[in-house]
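Biologist: Please take one part of this model and go through it closely. Start from a single residue, then work outwards to the packing around it.

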Amino acid sequence: MEASPYGLEALWGQGDFVIKSVAVLLVAMSIASWYVILTKALQILRFQRAAHAAGHQFWDTTSLPEGIATLGSENPFAEVAQAGVSSMRHHAAHKGHLHDQLSVSDWVTLSLRQAIDEVSGKLQAGMAVLASVGSTAPFVGLFGTVWGIYHALVSIGTSGQASIDKVAGPVGEALIMTALGLAVAIPATFGYNALVRGNKTIIAKLNKFGFDLHALFVTGSRSSNNEADSASGAGGSGNGAKLVAVKGA
(Lines give C-alpha, C1' and ligand atoms only; values in the text may rest on other atoms or scores of the structure.)
Protein backbone atom coordinates (compact mmCIF):
# COMPACT_ATOMS: atom_id res chain seq x y z
CA MET A 1 0.00 0.00 0.00
CA GLU A 2 1.44 3.34 -1.09
CA ALA A 3 2.06 5.81 1.71
CA SER A 4 -0.02 8.99 1.76
CA PRO A 5 1.83 12.09 0.53
CA TYR A 6 0.19 14.09 3.35
CA GLY A 7 -0.04 13.86 7.13
CA LEU A 8 2.35 13.12 9.97
CA GLU A 9 4.20 10.36 8.16
CA ALA A 10 4.94 12.63 5.20
CA LEU A 11 5.89 15.45 7.57
CA TRP A 12 8.40 13.23 9.34
CA GLY A 13 9.77 11.75 6.13
CA GLN A 14 10.22 15.07 4.37
CA GLY A 15 11.15 17.17 7.39
CA ASP A 16 14.69 18.22 8.12
CA PHE A 17 16.58 17.97 11.40
CA VAL A 18 14.87 21.03 12.92
CA ILE A 19 11.34 19.77 12.17
CA LYS A 20 12.12 16.34 13.57
CA SER A 21 13.73 17.85 16.67
CA VAL A 22 10.66 20.03 17.31
CA ALA A 23 8.37 17.01 16.90
CA VAL A 24 10.46 14.92 19.31
CA LEU A 25 10.54 17.81 21.80
CA LEU A 26 6.74 18.14 21.69
CA VAL A 27 6.32 14.40 22.23
CA ALA A 28 8.71 14.53 25.20
CA MET A 29 6.84 17.51 26.66
CA SER A 30 3.55 15.67 26.27
CA ILE A 31 4.87 12.54 28.00
CA ALA A 32 6.32 14.62 30.85
CA SER A 33 3.10 16.58 31.36
CA TRP A 34 0.90 13.48 31.37
CA TYR A 35 3.25 11.76 33.79
CA VAL A 36 3.02 14.72 36.18
CA ILE A 37 -0.76 14.95 35.77
CA LEU A 38 -1.33 11.27 36.57
CA THR A 39 1.14 11.02 39.45
CA LYS A 40 -0.01 14.26 41.08
CA ALA A 41 -3.67 13.29 40.68
CA LEU A 42 -2.99 9.99 42.46
CA GLN A 43 -1.10 11.89 45.16
CA ILE A 44 -4.01 14.25 45.72
CA LEU A 45 -6.44 11.32 45.97
CA ARG A 46 -4.16 9.66 48.52
CA PHE A 47 -3.86 12.88 50.52
CA GLN A 48 -7.64 13.35 50.44
CA ARG A 49 -8.10 9.91 51.99
CA ALA A 50 -5.47 10.87 54.56
CA ALA A 51 -7.37 14.10 55.28
CA HIS A 52 -10.56 12.14 55.88
CA ALA A 53 -8.75 9.86 58.31
CA ALA A 54 -7.20 12.87 60.06
CA GLY A 55 -10.58 14.54 60.40
CA HIS A 56 -12.39 11.52 61.82
CA GLN A 57 -10.35 8.47 62.89
CA PHE A 58 -7.54 10.48 64.46
CA TRP A 59 -9.80 12.42 66.82
CA ASP A 60 -11.77 9.31 67.80
CA THR A 61 -8.71 7.86 69.56
CA THR A 62 -7.74 8.51 73.18
CA SER A 63 -4.03 9.35 72.85
CA LEU A 64 -1.69 10.96 70.37
CA PRO A 65 0.45 7.85 69.73
CA GLU A 66 -2.71 5.88 69.04
CA GLY A 67 -4.03 8.64 66.78
CA ILE A 68 -0.78 8.86 64.80
CA ALA A 69 -0.70 5.07 64.44
CA THR A 70 -4.26 5.21 63.11
CA LEU A 71 -3.19 7.55 60.32
CA GLY A 72 -0.57 5.08 59.11
CA SER A 73 2.78 5.63 57.43
CA GLU A 74 3.47 8.02 54.53
CA ASN A 75 0.59 10.16 55.69
CA PRO A 76 1.25 13.94 55.58
CA PHE A 77 -1.15 14.52 58.47
CA ALA A 78 0.74 11.96 60.55
CA GLU A 79 3.96 13.84 59.75
CA VAL A 80 2.42 17.09 60.98
CA ALA A 81 1.14 15.44 64.16
CA GLN A 82 4.53 13.80 64.80
CA ALA A 83 6.24 17.16 64.30
CA GLY A 84 3.99 18.64 66.97
CA VAL A 85 4.73 15.81 69.38
CA SER A 86 8.48 16.14 68.77
CA SER A 87 8.35 19.90 69.34
CA MET A 88 6.59 19.46 72.68
CA ARG A 89 9.11 16.88 73.82
CA HIS A 90 12.06 18.95 72.65
CA HIS A 91 10.80 22.09 74.38
CA ALA A 92 10.18 20.20 77.62
CA ALA A 93 13.54 18.41 77.55
CA HIS A 94 15.71 21.48 76.87
CA LYS A 95 14.71 23.98 79.48
CA GLY A 96 17.09 26.91 79.77
CA HIS A 97 18.25 26.91 76.15
CA LEU A 98 17.86 29.90 73.86
CA HIS A 99 14.67 28.54 72.29
CA ASP A 100 13.14 28.42 75.76
CA GLN A 101 12.68 32.16 75.42
CA LEU A 102 9.83 31.25 73.06
CA SER A 103 6.58 30.22 74.63
CA VAL A 104 5.32 26.69 74.11
CA SER A 105 2.61 28.10 71.84
CA ASP A 106 5.12 29.86 69.59
CA TRP A 107 7.46 26.87 69.51
CA VAL A 108 4.67 24.48 68.54
CA THR A 109 3.39 26.95 65.95
CA LEU A 110 6.81 27.14 64.28
CA SER A 111 7.20 23.36 64.25
CA LEU A 112 3.75 22.74 62.83
CA ARG A 113 4.20 25.47 60.21
CA GLN A 114 7.51 23.95 59.10
CA ALA A 115 5.94 20.50 58.78
CA ILE A 116 3.01 21.91 56.78
CA ASP A 117 5.40 23.82 54.52
CA GLU A 118 7.30 20.59 53.82
CA VAL A 119 4.09 18.84 52.79
CA SER A 120 3.16 21.87 50.65
CA GLY A 121 6.52 21.54 48.93
CA LYS A 122 5.74 17.93 48.08
CA LEU A 123 2.40 18.98 46.63
CA GLN A 124 4.04 21.67 44.50
CA ALA A 125 6.71 19.34 43.13
CA GLY A 126 6.29 18.89 39.39
CA MET A 127 3.85 21.76 38.96
CA ALA A 128 6.57 23.85 37.29
CA VAL A 129 6.74 21.23 34.53
CA LEU A 130 3.06 21.67 33.71
CA ALA A 131 3.31 25.45 33.86
CA SER A 132 6.31 25.43 31.53
CA VAL A 133 4.73 23.01 29.05
CA GLY A 134 1.43 24.87 29.02
CA SER A 135 3.10 28.20 28.32
CA THR A 136 5.81 27.14 25.87
CA ALA A 137 4.37 24.25 23.84
CA PRO A 138 2.26 26.47 21.52
CA PHE A 139 5.33 28.56 20.68
CA VAL A 140 7.45 25.46 20.08
CA GLY A 141 4.80 24.21 17.67
CA LEU A 142 4.60 27.64 16.03
CA PHE A 143 8.35 27.65 15.53
CA GLY A 144 8.09 24.29 13.77
CA THR A 145 5.29 25.68 11.59
CA VAL A 146 7.26 28.78 10.58
CA TRP A 147 10.34 26.71 9.82
CA GLY A 148 8.34 24.18 7.82
CA ILE A 149 6.52 26.83 5.80
CA TYR A 150 9.79 28.58 5.04
CA HIS A 151 11.36 25.44 3.65
CA ALA A 152 8.16 24.51 1.80
CA LEU A 153 8.10 27.88 0.06
CA VAL A 154 11.79 27.67 -0.76
CA SER A 155 11.23 24.23 -2.28
CA ILE A 156 8.23 25.45 -4.26
CA GLY A 157 10.16 28.48 -5.51
CA THR A 158 13.09 26.30 -6.55
CA SER A 159 10.90 23.86 -8.45
CA GLY A 160 8.87 26.62 -10.04
CA GLN A 161 5.59 24.77 -9.41
CA ALA A 162 3.18 27.03 -7.48
CA SER A 163 -0.13 25.31 -8.20
CA ILE A 164 -2.51 24.69 -5.29
CA ASP A 165 -1.83 20.97 -5.23
CA LYS A 166 1.90 21.68 -4.85
CA VAL A 167 1.43 24.34 -2.16
CA ALA A 168 -1.31 22.77 -0.02
CA GLY A 169 0.65 19.65 0.92
CA PRO A 170 3.88 21.16 2.28
CA VAL A 171 2.16 24.15 3.93
CA GLY A 172 -0.55 21.96 5.47
CA GLU A 173 2.05 19.58 6.86
CA ALA A 174 3.90 22.51 8.43
CA LEU A 175 0.70 23.72 10.08
CA ILE A 176 0.41 20.33 11.76
CA MET A 177 3.20 21.48 14.09
CA THR A 178 0.94 24.22 15.46
CA ALA A 179 -1.80 21.68 16.10
CA LEU A 180 0.70 19.42 17.89
CA GLY A 181 1.81 22.32 20.06
CA LEU A 182 -1.78 23.05 21.07
CA ALA A 183 -2.47 19.35 21.67
CA VAL A 184 0.42 19.32 24.14
CA ALA A 185 -0.32 22.65 25.81
CA ILE A 186 -4.09 22.32 26.40
CA PRO A 187 -3.98 19.16 28.61
CA ALA A 188 -1.02 20.59 30.53
CA THR A 189 -2.91 23.84 31.21
CA PHE A 190 -6.13 22.12 32.28
CA GLY A 191 -4.17 19.64 34.38
CA TYR A 192 -2.23 22.44 36.07
CA ASN A 193 -5.39 24.33 37.00
CA ALA A 194 -7.10 21.19 38.33
CA LEU A 195 -4.06 20.19 40.39
CA VAL A 196 -3.70 23.70 41.82
CA ARG A 197 -7.28 23.54 43.07
CA GLY A 198 -6.66 20.10 44.57
CA ASN A 199 -3.46 21.28 46.25
CA LYS A 200 -5.24 24.28 47.77
CA THR A 201 -7.88 21.98 49.24
CA ILE A 202 -5.27 19.71 50.81
CA ILE A 203 -3.26 22.64 52.19
CA ALA A 204 -6.42 24.15 53.69
CA LYS A 205 -7.15 20.85 55.45
CA LEU A 206 -3.55 20.66 56.67
CA ASN A 207 -3.81 24.16 58.12
CA LYS A 208 -7.07 23.26 59.85
CA PHE A 209 -5.53 20.08 61.23
CA GLY A 210 -2.49 22.03 62.39
CA PHE A 211 -4.74 24.56 64.15
CA ASP A 212 -6.52 21.74 65.97
CA LEU A 213 -3.20 20.18 66.98
CA HIS A 214 -1.92 23.54 68.24
CA ALA A 215 -5.01 23.94 70.39
CA LEU A 216 -4.60 20.38 71.67
CA PHE A 217 -0.94 20.84 72.62
CA VAL A 218 -1.42 24.24 74.24
CA THR A 219 -4.83 23.90 75.91
CA GLY A 220 -5.29 20.14 76.07
CA SER A 221 -8.31 20.01 73.73
CA ARG A 222 -9.36 20.93 70.21
CA SER A 223 -10.99 24.23 69.37
CA SER A 224 -14.62 24.39 70.48
CA ASN A 225 -16.02 24.61 66.94
CA ASN A 226 -14.21 21.48 65.80
CA GLU A 227 -15.18 19.60 68.94
CA ALA A 228 -18.82 20.36 68.21
CA ASP A 229 -18.43 19.23 64.59
CA SER A 230 -16.72 16.02 65.68
CA ALA A 231 -19.38 15.28 68.25
CA SER A 232 -22.23 15.84 65.82
CA GLY A 233 -20.47 13.77 63.13
CA ALA A 234 -19.92 10.91 65.57
CA GLY A 235 -23.46 10.83 66.85
CA GLY A 236 -22.70 12.99 69.86
CA SER A 237 -20.03 10.73 71.35
CA GLY A 238 -17.54 13.60 71.61
CA ASN A 239 -14.49 11.32 71.54
CA GLY A 240 -12.62 13.90 69.47
CA ALA A 241 -12.19 16.17 72.51
CA LYS A 242 -10.50 13.53 74.68
CA LEU A 243 -7.10 13.06 73.05
CA VAL A 244 -4.32 13.19 75.64
CA ALA A 245 -1.68 15.77 74.70
CA VAL A 246 2.02 15.17 75.31
CA LYS A 247 3.19 17.16 78.31
CA GLY A 248 6.74 15.92 78.67
CA ALA A 249 9.35 13.65 77.26
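Modeller: Leu180 counts as partly exposed, because its relative accessibility is 28% and the buried class stops under 20%. The model is a predicted one. Leu180 sits in helix α7. Its C-alpha atom is 9.3 Å from that of Val140, although 40 residues of chain separate the two.

UniProt gives some context here. Its unreviewed entry places the feature "transmembrane region" at residues 17-38, 128-154 and 174-195. In the model, residues 174-195 are 100% helix and 0% strand. The C-alpha atoms at the two ends of 174-195 lie 33 Å apart. Residues 128-154 are likewise 100% helix and 0% strand. For 128-154 the distance between end C-alpha atoms is 39 Å.

Now the chain as a whole. The protein chain holds eight helices and zero strands. Its pattern along the sequence is α-α-α-α-α-α-α-α. Of its 249 residues, 38% count as buried. Take the contacts between residues at least 6 apart in sequence: 74% of them join residues at least 24 apart.

Next, the interior. The largest nonpolar core has 30 residues. Within this core, Phe58, Phe77, Val80, Phe209 and Leu213 touch the most other members. Five elements each give two or more residues to the core: α2 (17-55), α3 (64-71), α4 (76-93), α5 (104-124) and α7 (164-219). Another core lies apart from this one, with 18 residues, including Leu130, Val140, Met177 and Val184. Val140 is thus both one of that core's members and the partner in the Leu180 distance.

Back to the largest core, and to Phe209. Beyond its neighbours within four places in sequence, Phe209 is in contact with Ala54, Phe58, Trp59, Phe77, Val80 and Ala81. Ala81 is worth a stop. Ala81 belongs to helix α4. Ala81 is buried, with a relative accessible area of 0%. With neighbours within four places again left aside, its contacts are Phe58, Ile68, Phe209, Leu213 and Phe217. Phe58 therefore appears in the contact lists of both Phe209 and Ala81, where contact means heavy atoms within 4.5 Å. The C-alpha atoms of Ala81 and Leu112 are 7.9 Å apart, with their positions 31 residues apart along the chain.

Leu112 leads to α5. Leu112 is one of the buried residues of this helix; the others are Trp107, Val108, Ser111, Ala115, Ile116, Val119, Ser120 and Leu123. The length of α5 can be checked. It has 21 residues, so at 1.5 Å a residue it should span 30 Å. Its end C-alpha atoms are 30 Å apart, which agrees. After α5 comes Gly126, with a positive phi near 90°.

What does α5 pack on? One partner is α2, at an angle of about 145°. The two axes are 10 Å apart. From α2, the contact uses Lys40, Gln43 and Phe47. From α5, it uses Val119, Lys122, Leu123 and Gln124. By class, the contact has three nonpolar, two polar and two charged residues. Val119 and Leu123 take part in this contact and are also among the buried residues of α5.

Terms used. Residues numbered from 1 in each chain as written. Predicted model: local features only at pLDDT ≥ 70, side-chain atom pairs only at ≥ 80, totals over all residues. Heavy atoms only, no water. Core = buried A, V, L, I, M, F, W, Y, C linked by side-chain atoms within 4.5 Å. Buried < 20%, exposed > 50% of the residue type's maximum accessible area, 1.4 Å probe, protein only. Helix = DSSP H or I, 4+ residues; strand = E, 2+ residues; numbered from the N terminus. Axes fitted to C-alpha atoms, helices over the stretch in contact; angles between N-to-C directions. Nonpolar A, V, L, I, M, F, W, Y, C, P; charged D, E, K, R; others polar. UniProt positions renumbered as here; feature names shortened; annotations may be inferred. Expected span 1.5 Å × (residues − 1).
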